[in-house]
Amino acid sequence: MTNTFWYTLFKSEDIQLAFRNECKKIFRDSGLYTASKRYIGQFKDWKQMFIFRPRVRFDCPYMATVKYWHDGMAEFGDSRPLHLVTVHIILQFSPDGTVVYGQGSLEPEKFIERINRNKYKLDKGEYYVKDGRIFVEVRKGKNTYCYSYLFHGRINQHSDSFELLSKHIVNVESQSFTPLRMNHTKPIFELAKSVHLKVQH
């Protein structure tokens, strides 16, 4: 938040007006946020909305780690070994409504290093935020992968983390809808403040 905003706020005779203007700048003028009247009605004033209404951050990426068991090939008799698979997922949002998405099994530091060295290509998509949920669409060939995320925290409790709610595929040609089953716990995305990601264009 700029120093100009805080200077204007403390000098303003109507503090609520200052918060109202800032909320409109963030949530209306950006074109990234929509909300129902019922959702907006949960905030008692503009100050509370400014402090507690979830918003995406652009200064650093979000990361999540997913672990799940995967069946291996039978080696002896009917026994099939289980392998523990670890996957790191990264999301980087931009103010223009685009987002980059990627996942890999390397350790986070090496994963980020490969991305920044253009050794790993991230998928690019679009996003918008409605009623505390983030909706992401990533186009891959004839299919669009759709993800829904829910911000953590309550109306009076700010949180920068969110979790995956659901995901599905829409075929662009047939418009068929295919839900994707999650064979692991819902990943929780948190800000990776120590990570610098070079967004690929």
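This is a guided tour of one protein chain, stop by stop, in a predicted model.

**Whole chain**

Start with the cartoon view. The protein chain has five helices and ten strands. It holds 201 residues, and 39% of them count as buried. Now show the surface. About 12900 Å² is exposed, and carbon and sulfur atoms supply 50% of that area. Contacts reach across the sequence too: among those with a separation of 6 or more, 49% join residues 24 or more positions apart.

**Largest pocket**

Select Ile-89, Tyr-101, Gln-103, Tyr-147 and Lys-167. These residues lie nearest the centre of the largest pocket, which is lined by 22 residues. Which elements give two or more residues to that lining? Colour these strands to see them: E2 (62-71), E3 (82-93), E4 (98-104), E7 (143-151) and E8 (162-171). The space inside comes to about 360 Å³. Colour the lining by class next. You should find 13 nonpolar, four polar and five charged residues.

**Second largest pocket**

Move to Ile-26, Tyr-33, Arg-55, Val-56 and Phe-58. They are the closest to the centre of the second largest pocket, out of eleven lining residues. About 230 Å³ of space lies here. By class, the lining divides into seven nonpolar, one polar and three charged residues.

**Largest nonpolar core**

Hide the surface and show side chains. Select Phe-93, Ile-134 and Tyr-149. In the largest nonpolar core, which has 36 residues, these three touch the most other members.

Centre the view on Ile-134. What is Ile-134 in contact with, leaving aside neighbours within four places in sequence? Its partners include the aromatic-ring residues Phe-93, Tyr-127, Tyr-128, Tyr-147, Tyr-149, Phe-151 and Phe-162. Val-56, Val-129 and Ser-148 are also in contact with Ile-134. Two of these names should be familiar: Val-56 is among the residues closest to the centre of the second largest pocket, and Tyr-147 is among those nearest the centre of the largest.

Another core lies apart from this one. It has eight residues, among them Met-63, Phe-111, Ile-112 and Ile-115.

**Ser-148**

Finish on Ser-148, in strand E7. Is Ser-148 buried or exposed? Ser-148 counts as buried, because its relative accessibility is 7% and the cut-off is under 20%. Now show its surroundings. Leaving aside neighbours within four places in sequence, Ser-148 is in contact with Arg-133, Ile-134 and Phe-135, and also with Glu-163, Leu-164, Leu-165 and Ser-166. Ile-134 brings you back to the largest nonpolar core.

Terms used:
Residues numbered from 1 in each chain as written. Predicted model: local features only at pLDDT ≥ 70, side-chain atom pairs only at ≥ 80, totals over all residues. Heavy atoms only, no water. 1 Å grid on protein atoms, 1.4 Å probe; cavity = no way out; pocket = protein on both sides within 12 Å on 5 of 7 lines; lining within 4 Å. Points joined across faces, edges and corners; volume = space filled by probe spheres on them. Helix = DSSP H or I, 4+ residues; strand = E, 2+ residues; numbered from the N terminus. Nonpolar A, V, L, I, M, F, W, Y, C, P; charged D, E, K, R; others polar. Core = buried A, V, L, I, M, F, W, Y, C linked by side-chain atoms within 4.5 Å. Buried < 20%, exposed > 50% of the residue type's maximum accessible area, 1.4 Å probe, protein only. Contact = heavy atoms within 4.5 Å. Areas by Shrake-Rupley, 256 points an atom, 1.4 Å probe, with all protein chains shown as cover.
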